[in-house]
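Welcome! Work through the exercises below with the structure open beside you, and try each task before you read its solution.

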Amino acid sequence: MSNHFSYRSALSTSIRGILARTVKKSKPKSEIPGSQNANITDTRYQIIKRILYETPKTELPKMTEQDLERHETIDRAWKLFLRNQQEERENELAAKYRKLNEANLELEKLGPRLFNSAQIGNKIMMFPRQMKIPTETPPLNGWNYDYKPLSSDPTKNSKPLPSDPIKDSEPLPSNPIKDSEPLPSDPNKVSS
Amino acid sequence: MLTRSKKLFLYNRYQFLSAVPRIFNKTSLHTYQKSLPPANLPDSPSFYPGRTSILRMEDFYHSTLSTDLMILSYKDPESEQKFIEKRQKEHLPIKKSVLTRDINPFAINRPPPKPRGNKKRLPVPPKQSPKTIPKLLKIDVHCMIKEAIHSKQHLLSGIMALQCITSERPTVVYSKTGVAQWKLRKDMPIGCKVSISGPPMYTFLDKLVEIVLPRMKEWHGIPITSGDQNGNIAMGFPASALSLFPDIEGNYDMFPLMTGFDVIFNTTAYTDYEGRMLLSGFQIPFTPRKKMGRKGRINRN
């Protein structure tokens, strides 16, 4: 799967350095993370408390008048861009809705049978589970040539149940550049 | 010594910009602050530095889902009218004497009477238009930490975990009543919650759908009966799910306590059906089972 979230933690490198050093010193062997009977004098709590409530406050940028003007201009330009984008979308949706409404009214005049079958009524409508939300880059596994279509039974889980995630999962995705086959040689090139 | 009010002022005045998330919504002003600084300046508590990446889920909603949802949730005028009338219906009150309220001049400004049979009146939806398409407003992530009863520091693990997942600082939840059996007293800090909307919400949703949900053990989807009758769907996660988030997986040893949490999707839909339709568009799976491990019937509307 295309995982574009790095496995780096949400903490900055300096704080992680402090954590790593303190943990090496004071963490006892029998401590299991997530245990209900966690040690009350757990030093990790003190570290977390320090990170959450006692980190030094970052200095705010001191803006000159020109800086302020620049900031405001950029801000206004961005907001204008978003506003234009929003208006474009709204107009498009409004036009589509108008056509949809008109089509429905026309269909109602044509006859009850077609009209009633066109209405959704009590049908269960949900987006298909196989639908792919577009990603920036293509998937690592490439195109699945052995794909088999779904069975008609909608109650069956379409995707296979995950195998044991702790055993099978790798901490990092494999490097596609290193692991892939070497690039095919240029056929036009004269082999020396 | 820093008093509580002075600390609040300092939190309002300074904002953490980079690694540490923003402290949200401390809108009470100290006496010597005349007014809050404008929202577009870094001084302000509500300043958002800007989105740091493309929001895949949001772009997908705007390009594909919204149009499809508009078509799928379109109702013909007759059934739409029926639905609005059903929501507008005033149920009979418990006491018949209340029906003569209009005649009785002493009862003019009294509160509305309780309905018979304890029936709720759900919100009345507006007439359908391109502006009433179901949309994901916000996600509430909430964590109840039982261990905080005997030792308050266990809350810290929950707060840190939620902060890592959602990139927003959670607030502490206090108990409303006491239960002697569990040694719980009223107004005791017992959990933490965080409400995310906009870019943090879409990144959280992305992580959930792509990484966490596929790797969960013995989980078949949100029960199809989930919902508050008004389009908001909720789901609960066991403690093992927390370790699947990439933000926590990289730092697993630093969390002393792994807690379960629940996620509430707040949508603008007026029925559960439409809410589920919206979430299925974001690739959140639903199962016909009512509960995990039991067969359930498919609920039509």
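Two residues are in contact when heavy atoms of theirs lie within 4.5 Å. Keep in mind throughout that this is a predicted model.

**Exercise 1. Two helices that meet**

Task: Find which residues of helix 2 of chain B meet helix 5 of chain B, and work out how the two helices are oriented.

Solution.
- Step 1: Look for the contacts. On the side of helix 2 of chain B they involve B:R56, B:M57 and B:E58, which meet B:Y202, B:L205, B:D206, B:V209 and B:E210 in helix 5 of chain B.
- Step 2: Recall a general point about helices. An α-helix has 3.6 residues a turn, so residues three or four places apart point the same way.
- Step 3: Take the geometry. Helix 2 and helix 5 of chain B pack at an angle of about 95°, and their axes are 7 Å apart.
- Step 4: Classify the angle. Angles of 65 to 115 degrees count as roughly perpendicular, and helix 2 and helix 5 of chain B are therefore roughly perpendicular to each other.

**Exercise 2. Building the sheet**

Task: Work out in what order the five strands of the open sheet in chain B are arranged.

Solution.
- Step 1: Start with strand 1 of chain B. Six bridges join strand 1 to strand 3 (residues 189–196) of chain B, and the two run antiparallel. Here B:C143 stands opposite B:C192 in strand 3.
- Step 2: Turn to the pairing of strand 1 with strand 6 of chain B, which is antiparallel over six bridges. In this pairing B:L136 faces B:T267 of strand 6.
- Step 3: Continue from strand 6 to strand 5 of chain B; five bridges link these antiparallel strands. One example is B:G236, whose bridge partner in strand 6 is B:D262.
- Step 4: Put the pieces together. The five strands of this open sheet in chain B come in the order 2-3-1-6-5, with antiparallel pairing. Strand 2 (171–174) and strand 5 of chain B are the edge strands, each pairing on one side only. From one strand to the next, the twist averages 25°.
- Step 5: Add the helices. Helix 5 (residues 199–215) of chain B packs on the sheet and touches strand 1, strand 3, strand 5 and strand 6 of chain B, with its direction at about 65° to that of strand 1. Helix 8 of chain B also packs on the sheet, touching strand 1, strand 5 and strand 6 of chain B; its direction makes about 60° with that of strand 5.

**Exercise 3. A covered helix**

Task: Is helix 8 of chain B mostly covered or mostly uncovered, and what do its buried residues pack against?

Solution.
- Step 1: Count the buried residues. In helix 8 (residues 272–281) of chain B, ten of ten residues are buried, and the helix is mostly covered. Among them are B:Y273, B:M277 and B:L279.
- Step 2: Find the neighbours. The buried residues of helix 8 pack against helix 2 (56–72), strand 1 (136–144), strand 5 (233–237), strand 6 (261–267) and strand 7 (286–287) of chain B.
- Step 3: Check one of those neighbours. Strand 6 of chain B is mostly covered too, with five of its seven residues buried.
- Step 4: Look just past the helix. Helix 8 of chain B is followed by B:Q283, which has a positive phi, near 70°.

**Exercise 4. Two residues compared**

Task: Decide whether B:T67 and B:S46 are buried, partly exposed or exposed.

Solution.
- Step 1: Place B:T67, which is in helix 2 of chain B.
- Step 2: Apply the cut-off. Buried means under 20% relative accessible area, so B:T67, at 13%, counts as buried. Leaving aside residues up to four places away in sequence, B:T67 touches A:L93 and A:K96.
- Step 3: Place B:S46, found in the loop between helix 1 (4–13) and helix 2 of chain B. Its relative accessibility is 47%, so B:S46 counts as partly exposed.

**Exercise 5. A look at chain A**

Task: What secondary structure does chain A have, and how much of it is buried?

Solution.
- Step 1: Chain A has six helices and zero strands, giving the pattern α-α-α-α-α-α along the sequence.
- Step 2: Of its 192 residues, 16% count as buried.
- Step 3: The accessible surface of chain A is about 16200 Å², and 56% of that belongs to carbon and sulfur atoms.

Definitions and conventions:
Residues numbered from 1 in each chain as written. Chains lettered and ligands numbered in written order. Predicted model: local features only at pLDDT ≥ 70, side-chain atom pairs only at ≥ 80, totals over all residues. Heavy atoms only, no water. Buried < 20%, exposed > 50% of the residue type's maximum accessible area, 1.4 Å probe, protein only. Helix = DSSP H or I, 4+ residues; strand = E, 2+ residues; numbered from the N terminus. Pairing = 2+ DSSP bridges. Axes fitted to C-alpha atoms, helices over the stretch in contact; angles between N-to-C directions. Areas by Shrake-Rupley, 256 points an atom, 1.4 Å probe, with all protein chains shown as cover. Parallel < 35°, antiparallel > 145°, perpendicular 65-115°, else oblique.
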